[in-house]
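Reader: I am in my first year and still learning to read a protein model. Could you take one part of this structure and go through it slowly with me?

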Amino acid sequence: MPFSTADREYMARALALAEQGLYTATPNPRVGCVVVKDGAVLGEGWHEAAGLPHAEIHALMEAGTRAQGATLYVTLEPCSHHGRTPPCADAVIAAGIARVVGAMQDPNPEVAGSGFARLRGAGIEVASGLMQQEAEEINIGFVSRMTRGRPWVRMKIAATLDGRTALANGKSQWITGEAARRDGHHFRARACAVLTGIGTAQEDDPELNVRHVETKRQPLKVLVDSRLEVSGEMRLLAGGNVLVVAAHEDKAKIAALRARGAEVVILPNPEGKVDLPALLRELARRGVNELHVEAGTRLNGSLIREGCVDELLLYVAPSLIGDTGRGMFSLPEFTELAQQIPLSLRDVGRVGEDIRVIARVRAAEKTV
């Protein structure tokens, strides 16, 4: 049965509600829900954080007994399993909902259609697929983690118009303007983790937290440091919530880092560097849906080369540094144009005096 204009309007509202959990819902998906009857909205809800009631529960509680015979619009299939909260599908059935319109099936293997099946088994009319692409975009990291076993990796780069990210001596603060830096913190805030390399940590001493966007949750700070060169005085260690990923064990250094509140994992590859694909799998195991990368030329190049990047978030300043400046990626020389990495432009716009470009690696688009 085709969806009506009203169906689309209510689902658009549910998607807007889901976005309210953009910074807080992780590791859970961002979900919005609207309960409607006879053209009137009876209840709305969205999922704020793990362990708190899901979107459907909020909407049904607001609707109360009026939910009997109503239509429920939800951006993700109601869960059918016991996690930190009871199954939402059972609550929908108990409320007497007559029809459920869902945007997408839950990619979580523990649900994966069983929620919709339970609703149909209870005699509820179920229609799914309405505004599915928009729903998947809101939860692109959750979908990635559930279907690929790795986070969605977004790499942020600030560069000049000639593609330089720093002077030859490493100085890079600040290439872009304040508006671009604030905008970048929006993407930090929505990420579950922010990653950098030891080179950037030594040169810039970043805090690696969210400061320019109001948020109740700070992302995990991840430092790639093959030889455990991190100094205990580095600002990113302040406040804990840090994961240091190395390739070589050093019991004394590890003990010192743990004393500072950091966790250390050893993930070596055959070359004695950090195994980056293994790191992504480890982060997924820890519930990381979206990983935000702010690193230097060498780590950026390694991540690209090993197929670990899905999306580029590029801020381009109206300035020039010249060929002696540092580039965006340290990659091996390409000898044929067929070797270039194709991208898909998703958005181009102006942020203050700078240009923001969002592009996706085409190979990654085919896997999510």
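In which sense do strand β6 and β11 pair, and over how many bridges? Please start from there and then follow the neighbouring parts.

Author: A word on the model comes before the strands. This is a predicted model, in which local features need pLDDT of at least 70 and side-chain atom pairs count only at pLDDT 80 or more, while totals for chains, interfaces and linings use all residues. Residues are numbered from 1 along each chain as its sequence is written, and side-chain values use heavy atoms, with hydrogens and water left out.

Strand β6, which covers residues 152-160, pairs with β11 in the parallel sense, over four bridges. Helices (H or I, at least four residues) and strands (E, at least two) are DSSP runs, numbered from the N terminus, and two strands are said to pair if DSSP finds at least two bridges between them. One of these links can be found by name, since Met-155 has Val-293 of β11 as its bridge partner. Strand β11 also pairs with β7 (residues 193-197), again in the parallel sense but over three bridges, and here Ala-193 stands opposite Leu-291.

Now look along β11 itself, which runs over residues 290-293: Glu-290 and His-292 point one way, Leu-291 and Val-293 point the other way, and all are buried. Buried means under 20% relative accessible area, exposed over 50%, and partly exposed in between, with a 1.4 Å probe and protein chains only. In a regular strand the side chains alternate between the two faces of the sheet.

Glu-290 also leads to an enclosed space, as it is among the residues that line the largest cavity, together with Asn-289, Cys-192, Phe-142 and Thr-26, to name some of them. This cavity holds about 50 Å³ of space, and the structure has one cavity of 30 Å³ or more. On a 1 Å grid over the protein atoms alone, a cavity is a set of points where a 1.4 Å probe fits but cannot get out, and lining residues have an atom within 4 Å of a point; grid points are joined across faces, edges and corners, and a volume is the space filled by probe spheres set on the points.

Thr-26, from that lining, brings us to an unusual bond, for the peptide bond from Thr-26 to Pro-27 is cis, with omega near 5°. Pro-27 lies in the loop between α1 (5-18) and β1. A second cis bond runs from Gln-173 to Trp-174, with omega near 0°, and Trp-174 is found in the loop between β6 and α7. Most residues other than glycine have a negative phi, and most peptide bonds are trans.

From Trp-174 one can step to Arg-181, which sits in helix α7 (residues 178-190). Leaving aside neighbours within four places in sequence, Arg-181 is in contact (heavy atoms within 4.5 Å) with Trp-174, Thr-176 and His-212. Arg-181 and Tyr-315 are 134 residues apart in sequence, yet their C-alpha atoms are 8.9 Å apart in space.

To finish, consider Ala-284 in helix α10 (residues 276-285), which counts as buried because its relative accessible area is 9%. Not counting residues up to four places away in sequence, Ala-284 touches Arg-145, Gly-149, Arg-150 and Pro-151. Its C-alpha atom is separated by 39 Å from that of Gly-322, and these two residues are 38 residues apart along the chain.

Note on methods:
1 Å grid on protein atoms, 1.4 Å probe; cavity = no way out; pocket = protein on both sides within 12 Å on 5 of 7 lines; lining within 4 Å.
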